[in-house]
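Visitor: I have a structure open and would like to go through it with you. May I ask short questions as we go?
Guide: Please do.
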Amino acid sequence: YIGLELRALGINMNFAPTCDRNTWKQRLELLSRVRDFFAKREVLEVETPVLSLACGTDPNLDYFSTTSSPKFYLMTSPEFHLKRLLAAGFGDVYSIARSFRTDESGAKHNPEFTMIEWYRVGMSMETLMEEVESFCSEILNLSVKAKRTRYADAFLQYAGIDAFDENPLHWEECCKKHGIPLFETDVFNIEEWRDYVMACIVEQALDKENGEFIYDYPASQAALAKVHTASDGKMYADRFELYLGGMELCNGYCELTDAKEQARRFKEDLALREKMGKEFPKEDRRFLDALEHGLPECSGVALGFDRLVMLALSKKDIREVILFPEDIA
């Protein structure tokens, strides 16, 4: 990083960015490619708020908020506002948005990051996955043809366990077999075990060179996606994630359009947040009003631009592609 070598020589460079000028210029060139990609497809670029009077309820995402009155939330993604635009008749839209999430630190994380999120009216999830491949191919200047693997199949193939197994001993045996520490918990929670094994075992085995889509997540992980009942009688989320170069790059849905079902999920999320001892965000009534008005059938995807830049420029740490990470902001 810029400044580190000078610091090693005893020169005070604590003010310097962690991304050098040439890398930043390359990042801007990649951003130009992003805009060209959507312009060719007539997808409209829009701006969404950084501060909002309401926030999402996802128990797995934690947010920053102000102490002012009224209270504002720093958005964890532009999703709700983009869907409000869809309901208002804007058609296909995308946003290059600053997003914020607490407790997001590490080589691939920063609490403030850049999200590219887009929505395609009338497009199936499968077709959107193909568009994601085209997007990555054009931005990274290589051919991305990612393998497609169902969530349950990934657990069987890479971890050797049924993702729906309710026996805690089987999950412990799985960890021992793969040489990872046991997940420490007082009460067995299959969602926590899934997330742990996914991160520690499954993700490590996914195709790094060509990429791999994981899809058909358990219905409990649907968030804002539709669900369907498969031939095995289980319910699955119409959701996918793309892993490329050893990183989770994006998360896409066939979007839920049912306002009543979304309101029910919000209540479920809040009950879980209460159980976890987490703060309650203010319900986004305007988002629910948009669903009630009528969200067109669509699919959408959110992609981490900083990680995309890391892949494009062969960088190993997010600090190398952003100017002022959390510890020097």
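Visitor: Which residue in E11 is the bridge partner of Tyr-253?
Guide: Tyr-253 has Gly-300 as its bridge partner in E11. Please keep in mind that this is a predicted model. The pairing belongs to strand E10, residues 247–254, which runs antiparallel to E11 over 5 bridges.

Visitor: Which other strand pairs with E11, and in what sense?
Guide: Strand E5, residues 112–121, pairs with E11 in the antiparallel sense, over 7 bridges. Within that pairing, Met-115 is matched with Gly-304 of E11.

Visitor: How many residues of E11 are buried?
Guide: In strand E11, residues 298–304, 7 of the 7 residues are buried, so the strand is largely enclosed by the rest of the structure.

Visitor: And which way do the residues of E11 point?
Guide: Cys-298, Gly-300, Ala-302 and Gly-304 point one way, while Ser-299, Val-301 and Leu-303 point the other way; all are buried.

Visitor: Next, H10. Why is it described as largely enclosed?
Guide: Helix H10 covers residues 305–313, and 7 of its 9 residues are buried, so the rest of the structure largely encloses it. The buried ones are Phe-305, Asp-306, Arg-307, Leu-308, Val-309, Met-310 and Leu-313.

Visitor: What do those buried residues pack against?
Guide: They pack against helix H2 (21–40), E5, helix H4 (125–140), E10 and E11. Both strand partners of E11, namely E5 and E10, therefore appear among the elements that the buried residues of H10 pack against.

Visitor: What is found just after H10?
Guide: Ser-314 is found there, with a positive phi of about 55°.

Visitor: A change of topic: where is Thr-257, and is it buried or exposed?
Guide: Thr-257 lies in the loop between E10 and helix H8 (259–275). Its relative accessibility is 19%, so it counts as buried, the cut-off being under 20%.

Visitor: What does Thr-257 touch?
Guide: Leaving aside residues up to four places away in sequence, Thr-257 touches Lys-226, Leu-291, Leu-295, Pro-296 and Glu-297.

Visitor: Now the helix pairs. How do H8 and H9 cross?
Guide: Their axes come within 8 Å and cross at roughly 155°. H8 and H9 are therefore roughly antiparallel to each other. H8 contributes Ala-259, Gln-262, Ala-263 and Phe-266 to the contact, and H9 contributes Phe-287, Leu-288, Leu-291 and Glu-292. By class, these residues divide into 6 nonpolar, 1 polar and 1 charged.

Visitor: At what angle does H3 pack with H9?
Guide: Helix H3 (residues 79–87) and helix H9 (residues 285–294) pack at about 30°, and their axes are 9 Å apart. That makes H3 roughly parallel to H9. The crossing is left-handed.

Visitor: Which residues meet there?
Guide: From H3, Phe-80, Lys-83, Arg-84 and Ala-87 meet Arg-286, Phe-287, Ala-290, His-293 and Gly-294 of H9. This contact has 4 nonpolar, 2 polar and 3 charged residues.

Visitor: Finally, how far apart are the axes of H5 and H7?
Guide: The axes of helix H5 (residues 151–159) and helix H7 (residues 190–205) are 10 Å apart, with a packing angle of about 65°. The two are therefore roughly perpendicular to each other, and their crossing is left-handed.

Visitor: What residues make that contact, and of which class?
Guide: H5 provides Tyr-151, Ala-154, Phe-155, Tyr-158 and Ala-159, and H7 provides Arg-194, Val-197, Met-198, Ile-201, Val-202 and Ala-205. The contact has 10 nonpolar, no polar and 1 charged residues.

Technical notes: Residues are numbered from 1 along each chain as its sequence is written. This is a predicted model: local features need pLDDT of at least 70, side-chain atom pairs count only at pLDDT 80 or more; totals for chains, interfaces and linings use all residues. Side-chain values use heavy atoms; hydrogens and water are left out. Buried means under 20% relative accessible area, exposed over 50%, partly exposed in between (1.4 Å probe, protein chains only). Helices (H or I, at least four residues) and strands (E, at least two) are DSSP runs, numbered from the N terminus. Two strands pair if DSSP finds at least two bridges between them. Axes are lines fitted to C-alpha atoms, for helices over the stretch in contact, and angles run from 0 to 180 degrees between N-to-C directions. Angles under 35 degrees count as roughly parallel, over 145 as roughly antiparallel, 65 to 115 as roughly perpendicular and the rest as oblique. A crossing is left-handed if the near helix is turned anticlockwise from the far one by less than a right angle, and right-handed if clockwise. Contact means heavy atoms within 4.5 Å. Ala, Val, Leu, Ile, Met, Phe, Trp, Tyr, Cys and Pro count as nonpolar, Asp, Glu, Lys and Arg as charged, and the others, Gly among them, as polar.
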